[in-house]
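I opened this notebook to record what I looked up, entry by entry, in a structure that was new to me. The topics are the cysteines, the nonpolar core, two loop residues and one serine.

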Amino acid sequence: MALSKRLAQVGRECVACGTCMKVCPRAAIRVVSGVAARVDGALCVGCGKCAKICPADVIAIVERGTAG
């Protein structure tokens, strides 16, 4: 399967609540060490469900290759 053109990017202000993990249809997001969520770029399809539900509003959907 080819990678999608879009990708979720989690900001540094992530509060590690895990809400994004629960809605991700591809299990592409994991909370690491209870500190912040991380996105697996190989699994993320950029659907935006995580960005819409994030209570801290720190997830953006960006064009792949521009994620920093």
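Before anything else I wrote down the cut-off that I needed: a disulfide is a pair of cysteine sulfur atoms within 2.5 Å. I also noted that this is a predicted model.

Entry on the cysteines. I asked how many disulfides the structure holds, and the count came back as zero. I then looked up Cys17, whose closest cysteine sulfur is the one in Cys54; the two sulfurs are 6.2 Å apart, which is too far for a bond because a disulfide needs them within 2.5 Å. Cys47 is likewise in no disulfide, since the nearest cysteine sulfur, in Cys50, is 6.1 Å away. I checked the accessibility of both residues: Cys17 is partly exposed, at a relative accessible area of 41%, and Cys47 also counts as partly exposed, at 37%.

Entry on the core. Which residues have the most contacts inside the largest nonpolar core? I found a core of 16 residues, in which Cys14, Cys20, Ile29, Ala37, Cys50 and Ile59 have the most contacts. At least two core residues come from each of β1 (6-10), β3 (36-39) and α2 (49-53), and β1 gives the largest share, with three. I followed Ile29 further and, leaving aside neighbours within four places in sequence, listed its contacts as Cys20, Met21, Cys24, Ala37, Arg38, Val39 and Cys50.

Entry on backbone angles. I kept in mind that most residues other than glycine have a negative phi. Ser33 nevertheless has a positive phi, near 55°, and I located Ser33 in the loop between β2 (29-32) and β3, where this serine is exposed with a relative accessible area of 67%. Asp57, which is not a glycine either, has a positive phi of about 55°. I placed Asp57 in the loop between α2 and β4 (59-63), and Asp57 is exposed, with a relative accessible area of 62%.

Entry on Ser4. Where is Ser4 found? I found Ser4 in the segment before β1, and I noted that a polar atom of the Ser4 side chain lies 2.7 Å from the backbone oxygen of Arg6. The side chain of Ser4 also reaches the backbone oxygen of Val45, at 3.2 Å. Not counting residues up to four places away in sequence, I listed Cys44, Val45, Gly46 and Arg64 as the residues that Ser4 touches.

Definitions and conventions: Residues are numbered from 1 along each chain as its sequence is written. This is a predicted model: local features need pLDDT of at least 70, side-chain atom pairs count only at pLDDT 80 or more; totals for chains, interfaces and linings use all residues. Side-chain values use heavy atoms; hydrogens and water are left out. Buried means under 20% relative accessible area, exposed over 50%, partly exposed in between (1.4 Å probe, protein chains only). A nonpolar core is a set of buried Ala, Val, Leu, Ile, Met, Phe, Trp, Tyr and Cys residues joined through side-chain atoms within 4.5 Å. Helices (H or I, at least four residues) and strands (E, at least two) are DSSP runs, numbered from the N terminus. Contact means heavy atoms within 4.5 Å. A polar contact is a pair of N or O atoms within 3.5 Å; within protein, one must be able to donate a hydrogen and the other to accept it, and residues adjacent in sequence count only if both atoms are side-chain atoms.
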